[in-house]
Structures are given as C-alpha cells and as structure tokens.
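Visitor: Could you zoom in on one buried-or-exposed story here and walk me through it slowly? I'd like the overall setting before we get to individual side chains.

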Amino acid sequence: MSAVDVDAVILGGGPVGSTLAFLLNDMGVTNMVIDRDTEPYGLPRAIVMDDEIQRAFHDRGLGGWLQANTSPLERGDFVGEDGTVLLGADMPPLGMQGVPPVVCHYQPDLDAMLRAHCAAGGSQVRWGRTVQDMGDTGDGVDTVLDDGSKVRSRWFVGCDGASSWTRKRSGIVLEDLRFDQDWLVVDIEVNEGSTVELPLGVRQYCHAARPATYVKGHRRFRRWEFQVQPHEDAAELNTESGLWRLLAPWVTPADARLVRSAVYRFHAVVAPEMRRGNVFLAGDSAHQMPPFAGQGLNSGMRDAVNLAWKMAWVKRGIAGDRLFDTYGAERVPHVTSTVAHAADLGRLIDQLAGRESHGVDMDSGYGGKRPSPFIESGMVVPGDPRVGHQFWWRPEVSAALVADPASFVIVTNEPMDVATLAHGIPAVNVVDAEATGGSFALVLRPDRYVAAVASSADELARALGTLGASL
C-alpha cells in the first residue's frame, strides 16, 4: 500500500477514542486522535466502570489512578412506592477480576487522564480539529482535516458519538430495538459536612407517578434520573425550581449544589455492522442504550479492547484483513444482548411500578440470573461453557499480558513449548493447574476472553489450528 502517516486515524477523543489510542500505543500501532474540542467535556455523563474494563486498565499501568479516582458501588436494587425492596443485591468487595465489580468515577477526570495518557504514549493529537472528508481507497484511508491538512492511514475508526459523522459517511444505519423514553438527568454535589442520608449504590424507584433512578457517584457527586411523563413540559422541569421540586424527597438546596441537568431520549439502537472496508465504528457511533445497566461507556471500551489487538496483529503481519471480520461477528451480538438487557431493565421499572406489564422476567433485575452476553462466534472455538467469557483474574496471566499485550496466553497444568502448537498465533505458556479448572489447557485472548478449552495436547493443537484459520 501507499506510505502512511499513521496506522490508524481515530475520530473522537472522548473516553472510547482515547482508550483505543493508548491501547494501540502499547501494541506499537501508530495513531492520530482528532477531536473538535480542545479540552475534555467538563460535565459528568458516564458514571460507572465494570470490572472487565477496570482490569484492562490495571493491566496497562492505570490501576493506581483508578484506586485514587473511583469509588466502589456497593448495592443495586429496585424499591416500591412504600420503600420496600422488590429485588436487589449487595456487591461483593471484589469481583472475578480482582477489583470491585463496579466502581463510580467522575467522567471529566477520567477523560482528562485518558487524553493525557494517549498523548504521552505517542499518539498524534489534533485537538480543536474536525474532519472535512474521508475516503477509503481500498488499500488505506485518506482523511482531510478542516485546516486542509491531509492524513494517510491504514484504518479509520469513528469514535465520534451518537450522531456519528463516520457512521453516516459510511452509510451504516442503526437498527432500532424499540425503547424510547424521555428522562431528565440531574447531577448534584452534596455539600461538605452535609448529613443528608442517601442510598449506597444504584436504586430504581418504581413509582407509578414517576419512576426515577438514583446513583451514588464518586466523592460527593450524586445522580438522579427522572422519567418525563407524556403530558409534561420537559423544559419546564429542567429549570432550577423544577429540578429542586423533583429532588425534594431526597435533598434540598441546603444539602447540595446542582452540577448539571439535561433531558435525554433514552433509546436502544445497534449498528448491524461495525466495519466497512478500512473504516470501523466503536462506542456510541455503533450502539446506544438506556443507562439502567451502566453499560454504555463500558461497551464502547470493550469495542476498543477488541479492536486494538487485532490491528496490532495485522500490522505485525501475523494476520491479514480477514481477522477484522471477527470484530463485528463478536461485538455486534454481544452489544445487542447488552442493549436489550438495558432496555428490559427500563421496562422492568415500569412493570414493577404497576404502570405497564412488558412480560419482563424478574431475573433481568439486579442480582437476577439472566445470562451474561458472551462471544458466540468469531475467534473462539465453541464447545465448553467457559468459551467466550472473561477469564477470572490471575496475577500470572496479567504479567504475561503486560509483557506482550497482543499475545495469547495458554494456561496449562504443565510447561510446554507453545511455539510448536500455536499455528502462527503469538502465545505464551502460564502454568497454573488450579486455573485450568480440571482441563488440560485454556487459551486466552489478549482481551482476556477464553478462546478455547482443551482436554489434551492434541486437542489444544487442533483448537489453535482452528483459531489460526482466522488469521
């Protein structure tokens, strides 16, 4: 192909684009991040991070920042009109990734850290710039910025949000999963020294007149989300007097200050494809969901983690472009399931409030037994129930991924020469008999998902051969 200025152009320097950039830096993939804003957005939007994304950050040296700038979420529940807990669960101190299952953060701080981290790691940054044009030439992508400068790259990734220019430019149309509700989101900061008592985690108030959500944020930040009713004027609600009327059952102006408020149309949409040629979508450009599961930003960061190691493999010549077919094959079903669950949580609030029965199972609620989404096809070898799910935290595995964040890890009960088995897949062997769960070997991807489980050396070789076919 023609000479390139960078391997990947990333449009959007929010948390998804910046995460992708620093992951690519760690794997030797050059990149440029373009964002119209010269500074990170200064108000909170996303508020929680799950243990899978925390672990990805910890393994890449950001654990100290997370420990200093996040607070564990201690509980999630649904309560009725009289305050009775209808369903819910306490959060354990540590989850399967060796960190709290969910933590709260203050997004402006997270955004600032990620922007600085990707720039310090080698990303070319173009803050205050927009893209005027972009064209996929088949062997690369030509991008023209608003200042007339031109960039040649191998790939272009749109991390440019819900109204994504990249998605529209590529002709990809979102599919509607049929959830549409107007909600008013209010962030406050509790005054230092205030004695107001509020719940410890996330709470869904299943009130017939107006369902509401509460989230205990990081430090003294707290969030409420109020469902706007069809007969109401959202603009009238979203005034200082209107906001304090809504907040009155919990806090008063003597307890806290208003940080921000906005009316959102909570909806559920997914792009049926996340790649066209050398152009990719990630984050809100590819999927949007109501916030009841706290998975909007986490899902976007999963996109980044999934895509980064695949770009590294293609750049290194380990794999050809065919590997990118697994990006959409893995992420679209996974995030579709996630979006559907988030929408069902919203329906369950209405249902438990006695407003409308949607036939949603109680197992969809916090603490329920609804199965988690997993990677069903792509670079996995089905057959064992562990395949496609995240591997639990083991320090030896993290150490191996720190050494080469684009490597597979083969966890076995005995040392072996993985080079003779790997079929072109970069892999290291970690001996941990306890972690194999009685199997001969587990094959872990760079994103910590279990790619295959083998009962013998021969079966391991066959599984790696199947995975190698994706290269």
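**Acidic side chains, up close**

Guide: Out of 471 residues in the protein chain, 56% count as buried. Keep in mind that this is a predicted model, so every value below is computed from it. The chain's secondary structure adds up to eleven helices and 23 strands. Its radius of gyration is 23 Å, in agreement with the value near 23 Å that a compact globule of 471 residues would have. Along the principal axes, the C-alpha atoms fill a box of roughly 65 × 60 × 40 Å. Among contacts in the protein chain with a separation of 6 or more, 70% are between residues 24 or more positions apart. As for the outside, the accessible surface is about 18500 Å², and carbon and sulfur atoms own 51% of that. The charges come to 43 positive and 60 negative, and the mean positions of the two sets are 2 Å apart.

Now for the close look, starting with Asp160. You'll find Asp160 in the loop between strand E11 (150-158) and helix H5 (165-170). Is Asp160 buried or exposed? Asp160 counts as buried, because its relative accessibility is 19% and the cut-off for buried is under 20%. Its side chain has two polar partners worth clicking on. One is the side chain of Ser164, in a polar contact of 2.8 Å; another is the backbone nitrogen of Trp165, which the Asp160 side chain reaches at 2.9 Å. Leaving out residues up to four places away in sequence, Asp160 touches Leu11, Trp165, Thr166 and Ser285. If you want a ruler across the model, the C-alpha atoms of Asp160 and Asn25 are 20 Å apart, with their positions 135 residues apart along the chain.

Set Asp303 beside that. Asp303 sits in helix H8 (residues 296-316), and it is buried because its relative accessible area is 0%. What does the side chain of Asp303 join up with? The side chain of His287, through a polar contact of 2.6 Å. His287 turns up again in the contact list of Asp303, along with Met274, Ala282, Gly283, Tyr327 and Arg331, once neighbours within four places in sequence are set aside.

For another residue at zero, try Cys104 in strand E7 (residues 102-105). Cys104 has a relative accessible area of 0%, so it is buried. Its C-alpha atom is 5.2 Å from that of Ser71, though the two are 33 residues apart along the chain. With neighbours within four places left out, the contacts of Cys104 include Ile47 and Val48, Asn69 through to Ser71, and Val215, Lys216, Gly217 and His218.

To finish, two backbone oddities for your Ramachandran plot. Arg219 has a positive phi of about 50 degrees without being a glycine. Arg219 is in the loop between strand E14 (212-216) and strand E15 (221-227), and its 40% relative accessibility is why it counts as partly exposed. His423, also not a glycine, has a positive phi of about 55 degrees. The loop holding His423 runs between strand E20 (408-412) and strand E21 (427-431). His423 has a relative accessible area of 47%, so it is partly exposed.

Key
Residues are numbered from 1 along each chain as its sequence is written. This is a predicted model: local features need pLDDT of at least 70, side-chain atom pairs count only at pLDDT 80 or more; totals for chains, interfaces and linings use all residues. Side-chain values use heavy atoms; hydrogens and water are left out. Helices (H or I, at least four residues) and strands (E, at least two) are DSSP runs, numbered from the N terminus. The radius of gyration is taken over C-alpha atoms; the globule rule is 2.2 Å times the number of residues to the power 0.38. Buried means under 20% relative accessible area, exposed over 50%, partly exposed in between (1.4 Å probe, protein chains only). Contact means heavy atoms within 4.5 Å. Accessible areas come from the Shrake-Rupley method with a 1.4 Å probe; for residues, only the protein chains shown count as cover. Lys and Arg count as positive and Asp and Glu as negative; His and the chain ends are not counted. The place of a charge is taken as NZ of Lys, CZ of Arg, CG of Asp or CD of Glu. A polar contact is a pair of N or O atoms within 3.5 Å; within protein, one must be able to donate a hydrogen and the other to accept it, and residues adjacent in sequence count only if both atoms are side-chain atoms.
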